[in-house]
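Reader: I have a model open and would like to practise reading it. Could you walk me through a few features?

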Amino acid sequence: VNSAARTISRHDVNAWLALILREWEVIAPTRGAGGDEVFAPIAMPEDVLWEFENPLAPPKQFLLPQTEPIARFRRADGHYTVEPAEAPRPRVLFNVRSCDASALAFLRDAYAYDLPDDVIARRAASLTVVTLACVTPCPVGFCVCSDSGPFLHRDFDLQLTSLGESLFVEVGSDKGRDLVALAPALFHSASDDEQARRDSAERETLGLLGVETCHFGSAMRRISTHRVPEALWEAMSPWCVECGGCTHVCPTCYCFSVADSKETDGCSTRCRLWDSCQYDAFTMEASGHNPRAVRPERIKRRFHHKVSAQYFRRDGRVGCVGCGRCVKVCMGALDMPTVVAAIRRGSWSGVPAHA
Amino acid sequence: LFPQVREHGALRRATWDEALAAAVLSLDRLRSQGVPLGVIGSGRASNEENFLAVALARTALHTGTLDAALRGCYEALAPLARIAGGAPHDPTAFAQLEGADVVVVIEGDVATSHPRIATSILRALRRGSRLVTVGWHHSELTRLADAHVMLGAAAPLDALQALQRALHEAVQQTPGAAKVEGVTAEIGAAASVLARARQAAFVLAPFDANPALLAAIASLVAALTDDLVVGGGGKPLILPLPVRANTRGALDMGVTPHLLPGRFPLDDAGARERLRALWGGTPNWTAGVGFDAMLGDVRGLVVFADDPAASHRWPSHAASALASLDALVVCDSYVTGASRAAHVVLPIAAFGESTGSVTSLEGRVQQCQECVVTPGEVRAGWRVLSDLLKGLGATYQPTSLDDVHRGIQRAIPQYAACDASGMMRNGGVRVGAVDRDILPPAPRKSQAAHLPSVADAPTPAGAWRLRYEGAFDWGDDPVVLSSPLLRRSTQSARKRHPDGVVAMNAADAEALGVREGWRVHLRSANGEAEVAVTLRPAQERGTLFVPYAHRERVAPVANGAEVVEVDVRRA
């Protein structure tokens, strides 16, 4: 038995959440204004959803906001002063799925290499991630292909697994331990039987996901050994309508643009905004040269970026966490499973792998 | 997010009372002077807002000069719509399109202008459907097509007429033995694909700004579909695509200079009686000036949820015309060229910020609910228009959105059944197809020959033509500009070509000695311009096509004409 593992009764969860809400802003899957299931701040424990389809918009925005002020310029007396962005608020992301938690860790690391980004690092440090392990595979997810689910073995502060009447709680970090410490009386050490039920749930879910059908590794080898024919990207190109939807719902996409917004009081704010590598001017250089002016080049870049072994060699991560959102949102046919299947086969039919 | 009024040449923040008073004062002064006034409604606004815009024009401002941008394009294509279904749960146009075995797309680039339709086309192709694209050049979809029918700038109808003749011959032959002689290979291939169609679908994008050309194409499509039925196929789906989502609703509400709400003729006694009973007073029943001529005709203008320059062939001319008006009142949710030139800016709620109904092409009236709080001092559009009606002394002064809606139910018989619960149902309330007897009929082939075009005269050998393509410009639409998720193709294209671009056949470029991105000098009888070229492997030789987003740059050369002869040399 994992000695740090705990259980908490379902009846006590709301009392624990109420204590968390006293100290932190809590983001959880909840019902939005139009009735959709979304990640949003909750006001009371009852707002949290426990049975939900993973929202189409991932919790990425709470680490990498869609529009993020990074500095503010103020002009006074003929001088400019630069003020840094406001310090991030401590937040708890609650009931996040395993794929999304892996993606948050991926983003944190992506912004920590080369030139570490202090804004993202501070925000990542102020986030506590509580995951809800998946005991039922979602219809289009393939997290098992990229080692980011259905259960996690890293990248969480707390991992909850439903055992029916109670939740199995695994502590992954000091931040997680702090949450449990808010209400120690509500938690009990997990028994051998509870640990066995948790392990059995993981095995059963893995079985349902069908590990044997995973081709991600094969596609990664082909890309990283330059064995993908150029004609493949050409053939895929007309099947994309360049809506950018895949990049905007992708929990690991982190490309951005920078824009200044002028305000009336002589101040201006420099913002980082999500952008998409699928848009044709994304890589345009100041000289006017655009290394990826045609769509096949942009599609190639996207999948080289996500599927190649570059992250795997660095820290064992994959650029895709298998959440399946691109499957839901793609207006053409260029979602990850379809493209991975095409890379592995070396040919393109235009027919989705999951059809 | 707050009202503004122009003072000493600059817009300044104002209270609602100040801004409404300023709008009323300036319009009232022009009204009392008897100078021409106009109102522009919009397919971006709800039915209720458009209905009030019509009431504002015909009752408060006593003018029949009211219109919506690109109405002509829509009216040329809309009567052709043929979408099956009568009950809310019948297959939608999307489902029918995805079920077609042959899809014909007459497009600019549907993947850019109407990506949701492109998705349905791709789904049909995945199921094994065959595709024919028709247009000025190969689009992205052409790469997946079985055949492409290339339109020439000189005689755009020729290729389609040849296709119709070829199809006609093919269906007269033994079914399945569709071998067509005497036409180009591409037209033969397209006819051969079409002749085998059991359930075809035609998608008509507003790929050109000339309503006469669109109407002529519509009549040719009608002839093609007749032949398909003769050939044993089912009745094809015909899906004209509007430029703005609620264009049908705006026109049903009467945002047109020559028809009353409900698309009744101006002299229809019954329609007049119903409107008089609702509006009171003495409405203006005369035909006014349409959108294209309005900017040169009126001295005062109320623009509701649109920017006239965004769909004008020479945007900067439209902007100067707006700036020279004696009164310009702009009600919009976005900052546009029109709002920057306005004397009074009245900020109104956008889609999702206010409740209102919209009508689809197939005649489904559905209610869009307010689902987010309006930001700043923004007010619902119906309320702003109602305040203007009140300020200008109109007898029709609805006090609630329901009040406006009940008015529509009373004034427009087709909308009588559109109660709130029906419009909230999945599929909404059906008001039926556009009445073909009321809309101007699409010209038949004999009329179609008279298209405004220099192409009627044979072009001397070696001369070039310059032609605008497309009536649809995503990049000019403030909804697109304000949405990070929609800032895509045109926005990127402008970033890539900040000084404009024209498209040239790659073989022409080689002959002229220019490459991708190089600049050419254009000179016509009207003026000159220098612009970069982008190369296309497949488009008519001897013609330079101007993507609509880049029309401003070459506007001095074209001077408003659709096609002009130009001299081209390397800059």
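Author: Happily; we will look at a sheet, a helix and two threonines in this predicted model.

Reader: Let's start with the sheet. In what order do the strands 5, 4, 12 and 11 lie?

Author: Follow the pairing from one edge to the other. In chain A this open sheet of 4 strands has the order 5-4-12-11, with antiparallel pairing. Strand 5 (79-84) and strand 11 (256-262) each have a single partner strand, so one side of each is left without a neighbour in the sheet. On average, neighbouring strands here are turned by 25 degrees against each other, direction ignored.

Reader: How many bridges join strand 4 to strand 12 of chain A?

Author: There are 7 between strand 4 (residues 67-76) and strand 12 (residues 267-274). Within strand 12, Arg270(A) is the residue opposite Ala71(A).

Reader: Now helix 9 of chain A: which of its residues are buried?

Author: An α-helix has 3.6 residues a turn, so residues three or four places apart point the same way. In helix 9 (residues 295-307), the buried residues include Arg295(A), Ile299(A), Arg302(A), Phe303(A) and Lys306(A). Among the elements covering the buried residues of helix 9 are helix 6 (216-224) and helix 12 (336-345) of chain A.

Reader: And why does Thr131(A) count as buried?

Author: Buried means under 20% relative accessible area. Thr131(A) is buried because its relative accessible area is 0%. This residue sits in strand 7 of chain A, and its contacts include Val96(A), Phe156(A) and Leu160(A). Thr7(A), in strand 1, is also buried, at 5% relative accessibility; among its contacts are Phe168(A), Leu186(A) and Glu194(A).

How values were computed: Residues are numbered from 1 along each chain as its sequence is written. Chains are lettered from A and ligands numbered from 1 in the order in which they are written. This is a predicted model: local features need pLDDT of at least 70, side-chain atom pairs count only at pLDDT 80 or more; totals for chains, interfaces and linings use all residues. Side-chain values use heavy atoms; hydrogens and water are left out. Helices (H or I, at least four residues) and strands (E, at least two) are DSSP runs, numbered from the N terminus. Buried means under 20% relative accessible area, exposed over 50%, partly exposed in between (1.4 Å probe, protein chains only). Contact means heavy atoms within 4.5 Å. Two strands pair if DSSP finds at least two bridges between them. Axes are lines fitted to C-alpha atoms, for helices over the stretch in contact, and angles run from 0 to 180 degrees between N-to-C directions.
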